[in-house]
Amino acid sequence: MVSPTLVAVPLTIVPAMGLLWLMLHRYEGYFEDARVFFALVAGFFAGILVAFLESQFDFAGVEFIAQVGSLPAFILFVAGYAFFETGAKTVMLGLSRFRKRKDTPYYASAFGLGFGSMLALALMGLNLRTADQPLFPDYQLAPFLCMAALFLGGILAHGGSTVWVGKGSAEGKLVGGWVKATALQMPILACYWFYWPSTGIGNQVVIVPAVAALVYGTGLLAFANTRILELIVPQEIRDMVQKERRREAREKMREPPAP
């Protein structure tokens, strides 16, 4: 039997690292590498801690749902977890080393991707361990792909929503960033709810929540990148990057074809 953690790592941590590189490599040298690395590692540790604490208050657990009912459990799972997770991000990004800095949203994206990857790792491992069938060789491909899409969407959403926490920290409006990011994180948790085994759906091929999570997470991160991150970099730096890209493209066109 393959370890669920070994399966979950390349589907959570690796995409987070790749997304971070994709977002920042264009402006290498403009942002402080040490601060980016610190934010990413801090996100890893914060994600692990939050995942542990949320496991102690399992709002999607069978016993809790039986005690309070499906609707209150759903509200606590979606709104409560979103408020708690975003609060943890706000505490970290409200530190003096991040507050009132124009470039804090970029470091916030690194923190959010690290945070989201650890939460996804914990939740995917839990989902794999509670699957109705062994992962290999009997576990069907379609449910596995749905689960991977669901948690990848969660990582993307954490990266995008945390940018708004960073924006609030940069502007000295921590509470405002906390509230906005909480609202932006709630749709992903709603997708989790409709996929979760204890809510009655189990590990069936739940295509709608998985696709919705992936689409929403992608759109949220792209929106944050366009509306916030891209505007942080001075126009002259952006123009320089565009010129470098065009120069590299021309050089590739001039290269002789391989024999």
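**Exercise 1. Classify Glu171: how exposed is Glu171, and where does Glu171 lie?**

Start with the area. Glu171 is partly exposed because its relative accessibility is 39%. The cut-offs are these: buried is under 20% relative accessible area, exposed is over 50%, and partly exposed is in between (1.4 Å probe, protein chains only). Next, the place. Glu171 sits in the loop between H6 and H7. Last, a distance. Glu171 and Thr104 are 67 residues apart along the chain, and their C-alpha atoms are separated by 9.6 Å.

A note on the source: this is a predicted model, where local features need pLDDT of at least 70, side-chain atom pairs count only at pLDDT 80 or more, and totals for chains, interfaces and linings use all residues. Residues are numbered from 1 along each chain as its sequence is written, and side-chain values use heavy atoms, with hydrogens and water left out.

**Exercise 2. State how many helices and strands the protein chain has.**

Count the elements. There are nine helices and zero strands. Helices (H or I, at least four residues) and strands (E, at least two) are DSSP runs, numbered from the N terminus. Read from that end, the order is α-α-α-α-α-α-α-α-α. Then take the burial. Of the 259 residues of the chain, 48% are buried.

**Exercise 3. Check the span of H2 against the span expected at 1.5 Å a residue.**

Take the rule: the expected span is 1.5 Å times one less than the number of residues. Helix H2 (residues 33-56) has 24 residues, so 34 Å is expected. Its end C-alpha atoms are 35 Å apart, which agrees. Now try H4. This helix also reaches 34 Å from its first C-alpha to its last, close to the 34 Å expected for 24 residues.

Then look at burial. Among the buried residues of H2 are Arg35, Phe44 and Glu54. Those of H4 include Phe77, Tyr81, Glu85 and Lys89.

**Exercise 4. Describe how H7 packs with H4 and with H8.**

Two packed helices are described by the angle between their axes and the distance between the axes. Axes are lines fitted to C-alpha atoms, for helices over the stretch in contact, and angles run from 0 to 180 degrees between N-to-C directions.

Begin with H4 (residues 70-93) and H7 (residues 174-193). Their angle is about 135°, and their axes are 8 Å apart. H4 is therefore oblique to H7. The classes are: under 35 degrees roughly parallel, over 145 roughly antiparallel, 65 to 115 roughly perpendicular, the rest oblique.

Turn to H7 and H8. The angle is about 160°, with the axes 9 Å apart. So H7 is roughly antiparallel to H8.

**Exercise 5. Find which residues have the most contacts inside the largest nonpolar core.**

A nonpolar core is a set of buried Ala, Val, Leu, Ile, Met, Phe, Trp, Tyr and Cys residues joined through side-chain atoms within 4.5 Å. The largest has 67 residues, and Phe77, Leu150, Phe151 and Tyr192 have the most contacts inside it. Helices that give two or more residues to this core include H1 (4-24), H5 (104-129) and H6 (141-170). H5 gives the most, with 13 residues.

**Exercise 6. Contrast Lys100 with Leu220: which is buried and which is exposed?**

Lys100 is exposed, at 59% relative accessible area. Its place is the loop between H4 and H5. Check the backbone too. Most residues other than glycine have a negative phi. Lys100 is not a glycine, yet its phi is positive, about 60°.

Leu220 is buried, at 5%. This residue is found in helix H8. The C-alpha atoms of Leu220 and His158 are separated by 9.0 Å, and the two are 62 residues apart along the chain.
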